[in-house]
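Me: I have a model open on my screen and would like to talk through how its labels are earned. Could you take me through it, one label at a time?

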Amino acid sequence: MFDDIHGLTPERAARLTPLVEQSRPMLDQEEGMEAVQRFLRDQETSVIDSIVVTRELLGAGPGSLGPAKEIVFTSAARTTELKEHQRFVERIEEA
């Protein structure tokens, strides 16, 4: 798992692997990936790590990074973080 992600430390991979394993059965639920995103948020998983986990759930093949980012960034579970990120970017642009 996570074999093709450069720069991912063994410790971080070890921390993310159980999240993938716990999330996989949620994909069979009615809410599917949205349930996964709520779970990751509730586990206080960062946005970046959520993208890594989501990418793995999508199969981690070529072309999976874009869809993983879109899933995380458009999830209702991440609205608060996304608003904070947008405000941060706006302050940087104003500076």
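**Labels and the values behind them**

Reply: Gladly! Leaving out residues up to four places away in sequence, Val36 touches Ser23, Met26, Leu27 and Leu57. Please keep in mind that this is a predicted model.

Me: What makes these count as touching Val36?

Reply: Contact means heavy atoms within 4.5 Å. Ser23, Met26, Leu27 and Leu57 are listed as touching Val36 on that basis.

Me: Which residues does Ser23 contact, and where does Ser23 sit?

Reply: Ser23 belongs to helix H1. Its contacts, apart from neighbours within four places in sequence, are Val36, Phe39, Leu40, Val53 and Leu57.

Me: Why is Ser23 called buried?

Reply: Buried means under 20% relative accessible area. Ser23 has 0% relative accessibility, so Ser23 counts as buried.

Me: What makes the approach of the Ser23 side chain to the backbone oxygen of Leu19 a polar contact?

Reply: The cut-off for such a pair of N or O atoms is 3.5 Å. The side chain of Ser23 reaches the backbone oxygen of Leu19 at 2.6 Å, and 2.6 Å is within 3.5 Å.

Me: Let's turn to helix pairs. How are H1 and H2 placed relative to each other?

Reply: Two packed helices are described by the angle between their axes and the distance between the axes. For H1 (residues 10-23) and H2 (residues 33-42), the axes come within 10 Å and cross at roughly 145°. The crossing of H1 past H2 is right-handed.

Me: Which residues meet there, H1 with H2?

Reply: From H1 come Leu19, Gln22 and Ser23, and they meet Val36, Phe39 and Leu40 of H2. The residues of this contact divide into four nonpolar, two polar and no charged.

Me: Why are two of them called polar?

Reply: Leu, Val and Phe are on the nonpolar list, whereas Gln and Ser are on neither the nonpolar nor the charged list, so they count as polar. Gln22 and Ser23 are therefore the two polar residues in the contact of H1 with H2.

Me: And how do H2 and H3 pack?

Reply: H2 and H3 pack at an angle of about 150°, and their axes are 11 Å apart. H2 also passes H3 in a right-handed crossing. Met33, Val36, Gln37 and Leu40 of H2 make the contact with Ser50, Val53, Thr54 and Leu57 of H3. Those residues divide into five nonpolar, three polar and no charged.

Me: What makes H3 mostly covered?

Reply: Of the 11 residues of H3, 10 are buried. Among them are Val47, Ile51, Val52 and Arg55. The buried residues of H3 pack against H1, H2, helix H4 (65-74) and helix H5 (79-94).

Me: Which residues have the most contacts inside the largest nonpolar core?

Reply: That core has 15 residues, and those with the most contacts inside it are Phe2, Leu16, Leu19, Val36, Leu40, Val53 and Leu57. Two or more residues come from each of H1, H2 and helix H3 (47-57). H2 gives the most, with five residues. In soluble globular proteins, nonpolar side chains tend to be buried together.

Me: Is Ala14 buried or exposed, and how do you know?

Reply: Exposed means over 50% relative accessible area. Ala14 has 52%, so Ala14 is exposed. Ala14 lies in helix H1, and its C-alpha atom is separated by 9.7 Å from that of Phe2, 12 residues apart along the chain.

Me: What about positive phi values: where do Glu44 and Ala60 sit?

Reply: Glu44 is in the loop between H2 and H3, and its phi is about 60° although it is not a glycine. Ala60 is in the loop between H3 and H4, with a positive phi near 55°.

Me: Which of these two is buried and which is exposed, and why?

Reply: Glu44 has a relative accessible area of 74%, which is over 50%, so Glu44 is exposed. Ala60 has 12%, which is under 20%, so Ala60 is buried.

Me: Last one: how many helices and strands does the chain have?

Reply: The chain has five helices and zero strands, and of its 95 residues, 37% count as buried.

Conventions
Residues numbered from 1 in each chain as written. Predicted model: local features only at pLDDT ≥ 70, side-chain atom pairs only at ≥ 80, totals over all residues. Heavy atoms only, no water. Axes fitted to C-alpha atoms, helices over the stretch in contact; angles between N-to-C directions. Helix = DSSP H or I, 4+ residues; strand = E, 2+ residues; numbered from the N terminus. Left-handed = near helix turned anticlockwise from the far one by under 90°. Core = buried A, V, L, I, M, F, W, Y, C linked by side-chain atoms within 4.5 Å. Buried < 20%, exposed > 50% of the residue type's maximum accessible area, 1.4 Å probe, protein only. Polar contact = N/O pair within 3.5 Å; in protein donor to acceptor, adjacent residues only side chain to side chain.
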